[in-house]
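Good morning, everyone, and thank you for making the time. Please take a moment with the sequence and the model before I begin to walk through them.

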Amino acid sequence: MSNEARSNEALSNGINSNGAYSNSAIPENTFAVKEFSKVRVNALLLSTAWIVQRRETPNITMLFSRLRAALVLLAFVSFITAAQEANDWSSDSNDDWEDAWTDDWDTENKEKLRVSGFAELAVGNRFSRDMASAHGRQPLNNSTLRDARVQLRADYALKSSSISGKADVWYNGVTSTWETQLRELAWQGSLSSVLPNALLNKNDWANAFDIKVGRQVLTWGTGDYLFLNDLFPKDYQSFFAGRDDEYLKAPSTALKVSGYTDFANVDMVITPEFEPDIGITGEVFSFYSPQLDKNVAPAFSVASENRPRGRELALRVYKSVKGVEVAGYGYAGYTRQPTATDSLGRPRYSKMNAYGASLLAPVGPGIANAEYVFYNSLEDKYGANGQIANDQSRFLLGYSQELAANLTGGIQWYTEYLHNAGGLDRALSSSERVQEKYRHWITTRLTWMALRQTLTLNTFLFYSPSDDDGYLKATVAYSPTDKWQVRAGLNLFAGEQNHTFWGQFEDASNAFVAYRFYY
């Protein structure tokens, strides 16, 4: 396989089912790389190079825009809920009202409102200098993490529902910018709490449905760091930099409806406006350029006209059958990365549907899981268009168990199959420009807990038999009380060739340490 065919491999091969890294256009006429379909098109076909999508630093306008969207959703639901509860309250007797008024009002409301959070300092450095990602200031060239972060979380319990919020503000010393993220601002309750009494009957069917609306973090599926049917936003720059795993999953503004019946349980998620993954930016971690045959670190974003404004719809139906959890999945939306190009060769998101299934069951002393997904590219039915993602099937088998007291282990085998590869051969007139039909990954995890479970050591290894490269993530966390925690770790990348996916990040290998104080 040529260097072009191996360069800048999508993280979907090891972490993300859609490609952990998206590719954006360099504003000069250079080489183009197509990730999702695993096609590498030479410079004669396209005039624009793709790199990973830049993470946009949230500004005040963006923050208020997201906050306004979440508040509109919350205001609507809260209004209905308040009206319903007011109606219920007014139906009580005056004596009951007077008795309630004589209670300790302040104590009651303190119990309803819970405020918590943490302050954290985190530092990370490379083991070797990466000249491609120099920031113009020599002392910071080795920096991969410089966070001074505060998170505030508030939960308020209503009569039959709740409102939760979580927001982060931090100073990013690597890019010398203040950043914010509204991770959660959502209302959650049963359907019965928003419907008028006239629509309810004695069967109380509405209690079988839960609603969560607003800003929230969403996830499902059976993989460990492998997301096949989980097509919700991910943040891979945070993952590589050594931030807590909480930040691997990015928030989105959505409506989630969950139903529980004797036949099966259902989760449906509607995201009014498409929200893509946050990929490697080039501001911190460089990546391989096949044209220059070396690592580069530009930073830019997809043009606004190539960013979809349409909705996303995700569905999960699951049921436990004799101890085996069976699930089916569906998705209608767009590729998580800008893997298609427009008529000018600029990257864009293409339409995609996904259909999948999973099994989770006890086997021997442990738990086994299997998962499958089919990505259906709606804009390239026969896979002959090198500018649009091909159909793809992905498979996952996994097993985990307790190996000894306080020691657990897990292993996974992950495979990708590219459909219509022959059509791409004909379109591009060279198999050198087409990714192999099959790709394989092996992952292992070991977790050990000691000192009455106040000390946790965790190692996770990705290895690619086809590219002979890999990535080791090792962390140790010590938290003797519920007031503070110290965490340290390593992100080690290795590969024989700099054009393989993990090999290109060898200069990104880093160590990090973080101190967190809870309040």
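Which residues have the most contacts inside the largest nonpolar core? They are Phe 240 and Trp 502, and the core that holds them has 49 residues. At least two residues of this core come from each of H5, strand S12 (312-321), strand S13 (324-334), strand S16 (351-363), strand S17 (366-377), strand S21 (455-464) and S24. There is also a second core, separate from that one, which has seven residues, among them Trp 187, Leu 191, Val 194 and Ile 211.

I should say at this point that what you are looking at is a predicted model, and I would ask you to keep that in mind throughout. As for the chain as a whole, there are six helices and 24 strands, and of its 519 residues, 50% count as buried. If we take the contacts with a separation of 6 or more, 63% of them are between residues 24 or more positions apart. The accessible surface is about 23300 Å², and carbon and sulfur atoms account for 59% of that.

Let me turn now to the loop between helix H5 (236-241) and strand S8 (252-260), which is where Asp 245 is found. Asp 245 is partly exposed, at a relative accessible area of 36%, and, if we set aside residues up to four places away in sequence, it touches Tyr 225, Phe 239 and Lys 473. With Tyr 225 there is a polar contact between the two side chains, at 2.4 Å. Asp 245 and Asp 235 are ten residues apart along the chain, and their C-alpha atoms are 9.8 Å from each other.

The structure holds 22 salt bridges, and two that I would like to show you involve this loop. In one of them, the side chain of Glu 246 meets that of Arg 183, with a distance of 3.7 Å from N to O. Because Glu 246 is in the loop between H5 and S8 while Arg 183 lies in strand S6 (residues 177-190), this pair ties together parts that are 63 residues apart in sequence. Arg 183 is buried, with a relative accessible area of 2%, whereas Glu 246 counts as partly exposed at 23%.

Another salt bridge joins Asp 244 and Arg 487, where the closest N and O atoms are 4.0 Å apart. Here too, distant parts of the chain are linked, since Asp 244 is in the loop between H5 and S8 and Arg 487 is in strand S23 (residues 484-495), 243 residues apart. Asp 244 is partly exposed at 21% relative accessibility, and Arg 487 is buried at 8%. These two residues also belong to a network of salt bridges that links them with Glu 120 and Arg 516.

Glu 246 appears again when we look at Lys 166, which lies in strand S5 (residues 161-172). Is Lys 166 buried or exposed? With a relative accessible area of 14%, Lys 166 is buried, because buried here means under 20%. Apart from neighbours within four places in sequence, Lys 166 has contacts that include Arg 153, Arg 183, Glu 184 and Glu 246. Of these, Arg 153 forms a salt bridge with Asp 155, at 3.3 Å from N to O.

A further buried polar residue is Gln 412, in strand S19 (residues 407-418), with a relative accessibility of 7%. What does the side chain of Gln 412 make a polar contact with? Its partner is the side chain of Thr 443, at 2.8 Å, and a polar atom of the Gln 412 side chain also lies 2.9 Å from the backbone nitrogen of Asp 224.

To finish, let us move to the surface, where Leu 113, Val 115, Val 150, Leu 152, Tyr 515, Phe 517 and Tyr 519 make a nonpolar patch of about 640 Å². Strand S3 (113-126), strand S4 (143-157) and strand S24 (510-518) each supply at least two residues of this patch. Tyr 519, for its part, is found in the segment after S24, and it is partly exposed, with a relative accessible area of 40%.

Conventions:
Residues numbered from 1 in each chain as written. Predicted model: local features only at pLDDT ≥ 70, side-chain atom pairs only at ≥ 80, totals over all residues. Heavy atoms only, no water. Helix = DSSP H or I, 4+ residues; strand = E, 2+ residues; numbered from the N terminus. Buried < 20%, exposed > 50% of the residue type's maximum accessible area, 1.4 Å probe, protein only. Contact = heavy atoms within 4.5 Å. Polar contact = N/O pair within 3.5 Å; in protein donor to acceptor, adjacent residues only side chain to side chain. Patch = residues over 30% accessible without salt bridge, like charges linked within 9 Å, V, L, I, M, F, W, Y side chains within 5 Å. Areas by Shrake-Rupley, 256 points an atom, 1.4 Å probe, with all protein chains shown as cover. Core = buried A, V, L, I, M, F, W, Y, C linked by side-chain atoms within 4.5 Å.
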